[in-house]
Amino acid sequence: MKNTAHKRAFYTLCGCIAALALAVAAALCLLAPAPAAFDVAIPGRRGEIPATVQLPGKLARGTELPLVVLCHGFAGSRSGDGHFAPLAADLAAHGLATVRLDFPGCGDSAEPFTAYTLANMADDVESAITYMQATYSTTRTALVGHSMGGRLASLYPAMKGGVAALVLWSPANGTGLNGLEFLRIDDFSAVEALAGQAAQNGTATAWGVALSAVFFTQMRDSDPDAALREAALPTLLTYSGNERILSDATQAQTIAAVQSLPAGRVVLEPFTAGDHNYLAKDPATAAALDEALRKITVAFLAGQLG
């Protein structure tokens with residue numbers, strides 16, 4: 001009888017230890033570092049969207065996971081001129097998930113550039129947000145957009161809704177076709193001529209890519225600064241000191257629009273030595289620009305979404 005009791009006690013202890021080990025293992029799995037960054041194919045309305053996801057290093061069950069969607073500029077890619085990967089890592093360190101995608105005809109996209117329209121880009125951002133919500137239970141969402149990606153981010157709340165904050169890096173926010181001034185900043189009549197050519201022939205070529213008549217029409221019908229004022233979201237705006245491809249008038253109008261917002265913030269000073277892409281020939285200057293851009297962006301988004 002005594003040996004039987006000892007055996008029962010022994011087996012009970014073993015069972016408790018095993019249960020404890022399983023509980024510890026489960027807890028460790030919940031807190032295990034997520035992959036630094038990984039590529040995904042997001043289901044979209046027109047096909048798969050190439051994208052890269054980055055998650056915080058520790059994911060605990062039940063905690064909210066804010067999301068930031070990174071939107072690149074005209075004819076760019078989800079690298080964001082080298083800024084998006086380090087920005088995503090910094091945001092992950094602050095508990096924010098990110099997804100960065102290639103817009104139609106850009107990067108790894110299988111679509112022709114003629115699919116590059118404001119409506120299609122907005123659909124792709126919406127698909128990315130839906131995918132992140134369904135896959136990783138992301139919650140409050142912000143957009144970061146550079147150049148044409150900044151224009152899209154400005155328009156997105158009116159087009160789709162569902163975002164809590166915006167970060168605009170040198171957005172191409174000129175009203176209507178003025179948003180395309182970067183194609184020929186020295187001769188805007190050339191931009192108007194391109195729009196006319198697209199209307200007549202269906203496409204027009206600029207910067208080595210074919211632009212559709214739909215793209216020009218949607219640009220002509222859009223007013224990003226008015227959309228910013230209407231949405232009145234917390235918005236961070238930056239411009240560099242050497243924009244060159246965006247006019248002073250465009251910058252002044254967008255600065256005024258953001259300054260009119262209850263939670264609008266404009267930051268210019270750290271970027272006086274940078275070009276439109278926040279780059280510089282001097283490596284040390286380029287590194288300082290990138291660091292300042294990331295620091296200001298992360299601080300703003302952590303405050304709005306954290």
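Start by selecting helix α6, residues 213-220, in this predicted model. The buried residues of α6 pack against three helices and two strands by name: α3, α4, α5 (188-201), β7 (203-206) and β8 (209-212). Show side chains on α6 and pick out Phe215, Phe216 and Met219, which are buried. Now turn the view until you look down the axis of α6: these buried residues fall within an arc of 95°, so they line one face of the helix. A general point helps here: an α-helix has 3.6 residues a turn, so residues three or four places apart point the same way.

**Stay on Phe215**

Keep Phe215 selected and add Phe74. How far apart are the ring centres of Phe74 and Phe215, and how are their planes set? The centres are 6.5 Å apart and the planes meet at 40°, so the pair counts as tilted, a label for angles that are neither under 30 degrees nor over 60. Along the chain these two residues are distant, with their positions 141 residues apart. Phe74 sits in the loop between β3 (65-71) and α2 (84-93), whereas Phe215 belongs to α6. Are the two rings buried or exposed? Phe74 has a relative accessibility of 9%, so it counts as buried. Phe215 is buried as well, at 0%.

Next, widen the selection to Phe113, Tyr116, Phe182, Trp207 and Phe216. Together with Phe74 and Phe215, they form a cluster linked by ring pairs. If you search the whole structure for aromatic pairs, you should find 13.

**Over to α3 and α4**

Select residues 118-136 for helix α3 and 148-159 for helix α4. Their axes lie 10 Å apart and the helices pack at an angle of about 75°. That angle falls between 65 and 115 degrees, which means α3 is roughly perpendicular to α4. To see the contact itself, show Leu118, Ala119, Met121, Ala122, Val125, Glu126 and Ile129 on the α3 side. Across from them, on α4, are Met148, Arg151, Leu152, Leu155, Tyr156 and Met159. Colour this contact by residue class and you get 11 nonpolar, no polar and 2 charged residues.

**Just before α4: Ser147**

Step back along the chain to Ser147, in the loop between β5 (138-146) and α4. With a relative accessible area of 6%, Ser147 is buried. Which residues does Ser147 touch, once its neighbours within four places in sequence are set aside? The contacts are Gly73, Trp169, Ser170, Pro171, Ala172 and His276. Show them as sticks and centre the view on Ser147.

**Two backbone spots to check**

Most residues other than glycine have a negative phi. With that in mind, go to Ser137, in the loop between α3 and β5. The phi of Ser137 is near 55°, a positive value in a residue that is not glycine. Ser137 is exposed, with 52% relative accessibility.

Then jump to Ala232, in the loop between α7 (224-231) and β9 (235-238). Ala232 also has a positive phi, about 55°, although it is not a glycine. At 35% relative accessibility, Ala232 counts as partly exposed.

**Two loops flanking β2**

Select Arg45, in the loop between β1 (38-43) and β2 (48-54). Arg45 is exposed, with a relative accessible area of 59%. Draw a distance between the C-alpha atoms of Arg45 and Ser127: they are 82 residues apart along the chain, yet the separation is 7.6 Å. Not counting residues up to four places away in sequence, Arg45 touches Asp123, Glu126, Ser127 and Lys160. Of these, you have already met Glu126 on the α3 side of the contact with α4.

On the other side of β2, pick Pro56, in the loop between β2 and β3. In this loop Pro56 is buried, with a relative accessible area of 4%. Its C-alpha atom is 6.1 Å from that of Ala97, and the two residues are 41 apart along the chain.

**Zoom out**

Finally, display the whole chain as a cartoon. You should be able to trace 9 helices and 10 strands. Of the 306 residues, 47% count as buried. Among contacts with a separation of 6 or more, 70% come from residues 24 or more positions apart.

Key: Residues are numbered from 1 along each chain as its sequence is written. This is a predicted model: local features need pLDDT of at least 70, side-chain atom pairs count only at pLDDT 80 or more; totals for chains, interfaces and linings use all residues. Side-chain values use heavy atoms; hydrogens and water are left out. Axes are lines fitted to C-alpha atoms, for helices over the stretch in contact, and angles run from 0 to 180 degrees between N-to-C directions. Helices (H or I, at least four residues) and strands (E, at least two) are DSSP runs, numbered from the N terminus. Angles under 35 degrees count as roughly parallel, over 145 as roughly antiparallel, 65 to 115 as roughly perpendicular and the rest as oblique. Contact means heavy atoms within 4.5 Å. Ala, Val, Leu, Ile, Met, Phe, Trp, Tyr, Cys and Pro count as nonpolar, Asp, Glu, Lys and Arg as charged, and the others, Gly among them, as polar. Rings of Phe, Tyr and Trp (its six-membered ring) pair if their centres lie within 6.5 Å; planes under 30 degrees apart count as stacked, over 60 as edge-to-face and the rest as tilted. Buried means under 20% relative accessible area, exposed over 50%, partly exposed in between (1.4 Å probe, protein chains only). The arc is that of the directions from the helix axis to the C-beta atoms.
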